[in-house]
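Reader: I should like to understand how the descriptive terms applied to this structure are justified. Please take them one at a time.

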Amino acid sequence: MKQNYPYRGVKGMKDVFPAEARHYRRLEDRARRLLESCGCGEIRTPLVEHTVLFERGVGQGTDIVNKEMFYVPAKDEEAGPDALRRMVLRPEATASVARAYVENEIDKTAPGVQRYFYLGPMFRYERPQKGRLRQFTQIGAEFLGSPSPGTDAEAIGVLWDFLQGLFLGDLTLLLNSVGCPACRPDYLTALQAFARTRVASLCEDCRARAEKNPLRLFDCKQPGCRTVMAGAPNIQDHLCHDCRAHQAQVLDFLQRIGVTPHLEHRLMRGLDYYTRTVFEVVSQNLGAQNAVAAGGRYDNLIAELEGPATPAVGWSAGVERLLELLPETAPEPWFDVFVVDPGPDLAATFAQVTQLRRQGVRVGLEFEARSVKALMKRADKTGARFTLFVAADHPAQVQLKDMTSGEQTGLAWDQVAVRVLGKHE
RNA sequence: GUGGACGUAGUUCAACUGGUUAGAGCGCCAGGUUGUGGUCCUGGAUGUUGCGGGUUCGAGUCCCGUCGCCCACCCCA
């Protein structure tokens, strides 16, 4: 890493070179295939949204909205005094999807269930650490329009299959219900009442949480608070009949596809829009940021954004975190053939190479005149299956060498493509 | 926003309690008889020790500042 470089990239945003980009591709390709197999079509929403969308959708009290937004100054005159804060780089995509659904009146043009997946960068102004970047990539799926527990199971099921297919090592699926407007308030008061009786044993942060956002009490890592919270009321005992039934059915559906989540009553969400089912997939092999994917049901979000009452469930996965867990695979060679022509005049070779490329052969050629030995080393390093020797005194006849067997044959340029492509098709 | 650690060749790291021309592996380049890679052998190049200041006869080593990076907290994918 070059130090003191004046044009340094922005903190928490990284460059992805080809060697790493292929891992992204692998992951994205798999996600696309799987998500399309269950009816999700790709949706692309803008990277920039009005701030109010997230204030309303994600929640005024959340950290994402309060301290993690990247503001984009608005230039339009009607923006007014708040111009600096009018727009943001999206911190997540669910609110955008919901907004797009409402704004484009999808419920009227295409009534019924809509399913989308998205894939792209998200921005959060946080201090970077392991598994946390300021620009990171999420793959997500949103199933709009179905209140059925089967849809929850379907969403969770594809997520699980997606992750399993990547061979990421041990993953745990945590599941919980955060209730609905009918039962959650009761639970919150019960939890708060409990916390208030124990303020003396809680850390400073937790005392604030007890008043402001009691659900967060479960997240504290202080041993003292954890002990206290072990005796806290369990939300599972406070769910209303409908929420309880919903969860039971989700579990039943999941059981039929061989997915068994670990019921974790302390699992809560950082975003306000969740109702009922919430889930998270965690890995033991990451740092403190151990969640690789998370999601849940959000039955009120779309209505909250002035859309038609539309229940929905979705999730998103952190691509960079998944990448950390992805097992190493042998890199694909860049070329089928690497040309060894020590020159001095490479114009004719260049023309022949271009012909080969037009026929779909991946050919490596370097114009820098070097020794045959040096060029051979380059050929070897690229992993090309074949080396093609061009001699200045026999421009029509070339030598094709198989790098693994070492065997070498003389042939004309126009025979190369057939020979090379034929060998491994 | 808070706390802690770190910053030495391309890279991974070394340099006793401050002491002379800052080293090694890997990588890179070139050779190993006159155009054929991977192994092996030989040789070679490369650092304003992140930057600025201070202490000292003397600083890569100590102190302060600054920038960067990492890890953790907060929070979260």
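Author: The model is a predicted one. A suitable beginning is the handedness of one helix pair: H6 crosses H10 in the right-handed sense.

Reader: Which residues of H6 and H10 make the contact?

Author: From H6 come Pro149, Gly150, Asp152, Ala153, Ile156 and Gly157, while H10 contributes His246, Gln249, Val250, Phe253 and Leu254. By class, the residues of this contact are six nonpolar, four polar and one charged.

Reader: At what angle do the axes of helix H6 and helix H10 cross, and why is H6 called oblique to H10?

Author: The axes of helix H6 (residues 149-164) and helix H10 (residues 241-256) cross at roughly 45° and come within 8 Å. Angles under 35 degrees count as roughly parallel and those from 65 to 115 as roughly perpendicular. The crossing angle of roughly 45° belongs to neither class, and therefore H6 is oblique to H10.

Reader: How do H1 and H6 pack, and which residues meet there?

Author: Helix H1 (residues 18-37) packs with H6 at an angle of about 145°, and their axes are 10 Å apart. This crossing of H1 and H6 is right-handed. On the H1 side, Leu27, Arg30, Ala31, Leu34 and Leu35 take part, and they meet Val158, Asp161 and Phe162 in H6. The residues of the contact of H1 with H6 comprise six nonpolar, no polar and two charged.

Reader: What makes E2 and E3 edge strands?

Author: Strand E2 (48-50) and strand E3 (70-72) each pair on one side only. They belong to an open sheet of three strands in the order E2-E4-E3, with antiparallel pairing. Neighbouring strands of this sheet are turned by 40° against each other on average, direction ignored.

Reader: How do you know that E2 and E4 count as paired?

Author: Two strands pair if at least two bridges are found between them. E2 and strand E4 (residues 87-89) have three bridges, in the antiparallel sense, and therefore meet that requirement. Glutamate 49, for example, has valine 88 in E4 as its bridge partner.

Reader: Why is threonine 275 called buried, and which residues does threonine 275 touch?

Author: Threonine 275, found in strand E9 (residues 275-283), has a relative accessibility of 3%. The cut-off for buried is under 20%, so threonine 275 counts as buried. Leaving aside residues up to four places away in sequence, threonine 275 touches Val178, Gly179, Arg184, Arg297, Tyr298, Asp299 and Asn300.

Key: Residues are numbered from 1 along each chain as its sequence is written. Chains are lettered from A and ligands numbered from 1 in the order in which they are written. This is a predicted model: local features need pLDDT of at least 70, side-chain atom pairs count only at pLDDT 80 or more; totals for chains, interfaces and linings use all residues. Side-chain values use heavy atoms; hydrogens and water are left out. Axes are lines fitted to C-alpha atoms, for helices over the stretch in contact, and angles run from 0 to 180 degrees between N-to-C directions. Helices (H or I, at least four residues) and strands (E, at least two) are DSSP runs, numbered from the N terminus. Angles under 35 degrees count as roughly parallel, over 145 as roughly antiparallel, 65 to 115 as roughly perpendicular and the rest as oblique. A crossing is left-handed if the near helix is turned anticlockwise from the far one by less than a right angle, and right-handed if clockwise. Contact means heavy atoms within 4.5 Å. Ala, Val, Leu, Ile, Met, Phe, Trp, Tyr, Cys and Pro count as nonpolar, Asp, Glu, Lys and Arg as charged, and the others, Gly among them, as polar. Buried means under 20% relative accessible area, exposed over 50%, partly exposed in between (1.4 Å probe, protein chains only).
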